[in-house]
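I am opening this notebook to keep track of what I look up in one structure, entry by entry, beginning with a pocket and then moving on to a helix, a sheet and a cavity.

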Amino acid sequence: MINKRLVTAAVMATLVPLTLAACGGGGSNSAGSNSSSSSSETVDSLTVLDYYTDEPGKSNIDAQLQKCGTTIGVAKVDHQSVPGPTLIQKVLQQASSKTLPDVLMLDNPDIQQIAEAGALVPLGDFGINADGYAPGPVSAATYDGQLYGLQPGANTLAIFYNKDVLAKAGVQPPKTWAELKATAKKLTSGKQYGFAFNATADYEGAWQFLPPMWTNGGDETDLKSPQVAGALQLWKDLVDDGSVSKSAVNWKQSDVNDQFIAGKAAMMENGPWQIPALTKAKINYGVVPFPVNTPDQKSVAPLGGEAWTVPETGNDAKKAKAAELVKCMNTDENQMLRAKQGGLVPTKLALAAEFKKEVPSMAGFTDAVANARARTGKLGSKWPDTAKVIYTGMQLVLTGQ
């Protein structure tokens, strides 16, 4: 999932070159190993850092990491997790103090920034490639022509709808923006809103705005275009006519899901990681792609998910063993397990096809992930700057400023 940053792009631009300048050689990793270590050195332990602080995700990931540690012959895998918004800040601090972990999990839009700073090692150095993977995850993890991360599972956004509510109202899931507005208005009654989305002033809010923006032909390289303005007008129209709560500017994606489960929203924009909660709550839901504005358009959704990377610790032996761990976390078995546990789609295309058959409830997301667009696809490491402009402008419009 995507809401994982506290440090703004401006801070990154200022601090990364300074804090990472000494990481290329001569430093020691978090276990205190010397940079001159030979790649033939025996490695007994590896440190891993991620932001899986919530259960059951944290325990599920830990179990995979420990099993992989045994598989590659490492006695101890020290798995550390920090809250998502603090991860990049912690990475910067570790880079400055030369205590980077041996394996680092990153939200896929962050990979190019950290790679550009020199804090990651290209996986090609260890003979690892991404052959057979969906193009989106590969694009997100590639900087200057080199692959820096392997992403075992991916997610994206779509429209969830309550089948019972729509059937009672005699309406079908919307396929166009006109239908979305009309259906949302008709389904708004009493304490129930027709539609719910996240419009918070952060990267999560920007992420949720991408389906209407991209589907309408908007481009992150030109935020002044009529296509981008049209997408923002859709959000504004839905809030202004009461079909979407004004609280959308404060709702995180988890809050949106809570509204849907509580019957306070008939439809919502959200991701497959919410499916376990929906299943537990016994919600009779369906999933459709984000609607198009005009018939000639194709629904476009953003790529989400995290990748495993190898930081530049200066210890050749540990880097080589860390690469083995990254590779293990991306085996067919582990991709399928992670997908089923975490509401994700395997990033290997052949596995995704198999997964679609085994987990039909994820079929809509499986198709979407295959064509999902990486947020860094056009802007690379400059994406966070633009995301900030998007969510700031969105907040100003939706709050009448």
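Entry 1, the second largest pocket. I began with the classes of residue in the lining of the second largest pocket of this predicted model, and I noted 10 nonpolar residues, three polar ones and two charged ones. The volume of this pocket comes to about 310 Å³. Its lining is made of 15 residues, and those closest to the centre are Pro289, Ser299, Asp367, Ala368 and Asn371. I then asked which elements give two or more residues to this lining, and I found strand S11 (285–288) and helix H15 (363–370). The largest share, three residues, comes from H15.

Entry 2, helix H13. Which residues of helix H13, which spans residues 332–342, are buried? I listed Asn334, Gln335, Met336, Arg338, Ala339 and Gly342. When I looked for what covers these buried residues, I found that the cover includes helix H2 (57–71), helix H12 (316–328), strand S13 (345–346) and helix H14 (349–358). Just after H13 comes Gly343, and I wrote down that its phi is positive, near 65 degrees.

Entry 3, the sheet. I reminded myself that strands of a sheet pair through backbone hydrogen bonds, either parallel or antiparallel. Here I traced an open sheet of five strands in the order S2-S1-S3-S12-S6, with mixed pairing. Its edge strands are S2 (76–81) and S6 (149–150), each of which pairs on one side only. Looking at one pair in detail, I saw that S1 (residues 45–50) runs parallel to S2 and that six bridges join the two strands; for Val48, the bridge partner in S2 is His79. H12, which I had met as part of the cover of H13, lies across S1, S3 (103–107), S6 and S12 (306–309), and it runs at about 55 degrees to S1.

Entry 4, the cavities. How many cavities of 30 Å³ or more does a search of the whole structure find? The search finds five, and the largest cavity holds about 80 Å³ of space. I copied out its lining as Tyr52, Ile61, Gln64, Pro152, Gly153, Gly305, Glu306, Trp308, Met329, Arg338 and Leu344. At least two of these lining residues are supplied by H2, and at least two by S12. Sorting the lining by class, I noted six nonpolar, three polar and two charged residues. I also marked that Arg338, which lines this cavity, had already appeared among the buried residues of H13.

Notes:
Residues numbered from 1 in each chain as written. Predicted model: local features only at pLDDT ≥ 70, side-chain atom pairs only at ≥ 80, totals over all residues. Heavy atoms only, no water. 1 Å grid on protein atoms, 1.4 Å probe; cavity = no way out; pocket = protein on both sides within 12 Å on 5 of 7 lines; lining within 4 Å. Points joined across faces, edges and corners; volume = space filled by probe spheres on them. Helix = DSSP H or I, 4+ residues; strand = E, 2+ residues; numbered from the N terminus. Nonpolar A, V, L, I, M, F, W, Y, C, P; charged D, E, K, R; others polar. Buried < 20%, exposed > 50% of the residue type's maximum accessible area, 1.4 Å probe, protein only. Contact = heavy atoms within 4.5 Å. Pairing = 2+ DSSP bridges. Axes fitted to C-alpha atoms, helices over the stretch in contact; angles between N-to-C directions.
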